[in-house]
Amino acid sequence: MSVHDSATKGYAVGAETYVRGRPGYPPEASEWLRDVVGLAPGRRVLDVGSGTGKFLPLLRASGADLIALEPVAAMRRQLSQANPDVEVLAGSADSIPLPDASVDAVVCAQAFHWFATKEALAEMRRVLKPGGVLGLIWNVRDETVPWVAALSDVTDALNADTPRYRTGEWRRVFPTEGLRELGERHAVNSHVGPADQVVVARTLSVSFIAALPQDQQQKAEQQVRDLIACTPELQTPEVAFPYRTVMIALAKT
C-alpha cells in the first residue's frame, strides 16, 4: 500500500506538532480495551498506524505486550524516543511484517480511515489469532459546539482528497468476511490546555495542513488565531476542546 501524500509529507514535517496538539483518550477507552478488545497481561497487541505513540500509554496500562507499526519514518523516530521499551516496526496495514496468527489484538487509533481497504482488513485478520479482536478508535471533534464548527470550516477549505474519519468513507469496507462486528461505543472527551496547544497546534497537526507550503500554513494559522481572538470562551488560560471518542470492535471468526 502506498502511503497517502498528506500522511507522508504532513506527518514527516509535523510530527512534533502532532505530539503537542492531539488529545488523549477518556477512561472509557481503557475499559473498552479491557472488556471488549480483551487486553490483559500475557496478551500481545499490535498498534497499526501508531504515529508518535499517542495511544501507547493506554495499551501499556492494560499490561499487554506491545508492538507498534508505523510507515512514516519521522513518526517512528518520535515513537521510539518516547517509548524505548516498545518493539517498533516499519510497515503498512496491508504489509505487516509478522507471522500468521501472532497477535491477540490489533488496534488502529486515529488511523483506520487512512487504509480502509479489503486488503488491509485481510492482512490485519491474518496476523490475529483465532478469536482475536480488531479495535478501531477515534477522537472526533464535537462540531455541535459553534467555535469547533467554525474551526472545521477553516480546515475543510484546505482539504482536497485526504482520507478522513468524518467523511464516513471508511465504513464502506464493512461488513467484511472473517470479521464479526462486536458493536460501537461512544464517550465524551476533551483536550484541556492553552489555546496555542489545543486549538492552534491541533490545527497545524492536521496532515494536509502540515503538508502545505509554509506561506499557506501561516495563512491557516492566522485564520485560527483570528477565530480565537473573536471567541470569548477561547480567551482564557485554559481551553477545553470538546471531542467524541468513537470505539468499534470486530472479532476474527
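A residue counts as buried when its relative accessible area is under 20%. Keep that cut-off handy for these exercises on a predicted model.

**Exercise 1.** Work out how many residues of helix α8 are buried, and which ones they are.

*Solution.* Start with the span: α8 covers residues 195–204. Next, apply the cut-off to its ten residues, and eight turn out to be buried. Go along the helix and you'll pick up Ala195, then Val198, Val199 and Val200, then Ala201, Arg202, Thr203 and Leu204. So α8 is mostly covered.

**Exercise 2.** Now try strand β2: which strand does β2 pair with, and how much of β2 is buried?

*Solution.* Look for the bridges to begin with: five of them link β2 to strand β1, residues 44–48. The two strands run parallel. For one spot on this pairing, find Arg44, which sits opposite Asp65 of β2. Then check burial over residues 65–69: four of the five residues in β2 are buried, so the rest of the structure largely encloses this strand.

**Exercise 3.** Describe how helices α7 and α10 pack: what are the angle, the direction and the handedness?

*Solution.* Take α7 as residues 146–156 and α10 as residues 214–229. Their axes lie 10 Å apart, at an angle of about 165 degrees. Angles over 145 degrees count as roughly antiparallel, so that's the label for α7 and α10. The crossing itself is right-handed. Finally, see who touches whom: α7 brings Trp147, Ala150, Leu151 and Val154, while α10 offers Ala220, Gln223, Val224 and Leu227. Sorted by class, this contact has seven nonpolar residues, one polar and no charged ones.

Key. Residues are numbered from 1 along each chain as its sequence is written. This is a predicted model: local features need pLDDT of at least 70, side-chain atom pairs count only at pLDDT 80 or more; totals for chains, interfaces and linings use all residues. Side-chain values use heavy atoms; hydrogens and water are left out. Axes are lines fitted to C-alpha atoms, for helices over the stretch in contact, and angles run from 0 to 180 degrees between N-to-C directions. Angles under 35 degrees count as roughly parallel, over 145 as roughly antiparallel, 65 to 115 as roughly perpendicular and the rest as oblique. A crossing is left-handed if the near helix is turned anticlockwise from the far one by less than a right angle, and right-handed if clockwise. Contact means heavy atoms within 4.5 Å. Ala, Val, Leu, Ile, Met, Phe, Trp, Tyr, Cys and Pro count as nonpolar, Asp, Glu, Lys and Arg as charged, and the others, Gly among them, as polar. Buried means under 20% relative accessible area, exposed over 50%, partly exposed in between (1.4 Å probe, protein chains only). Two strands pair if DSSP finds at least two bridges between them.
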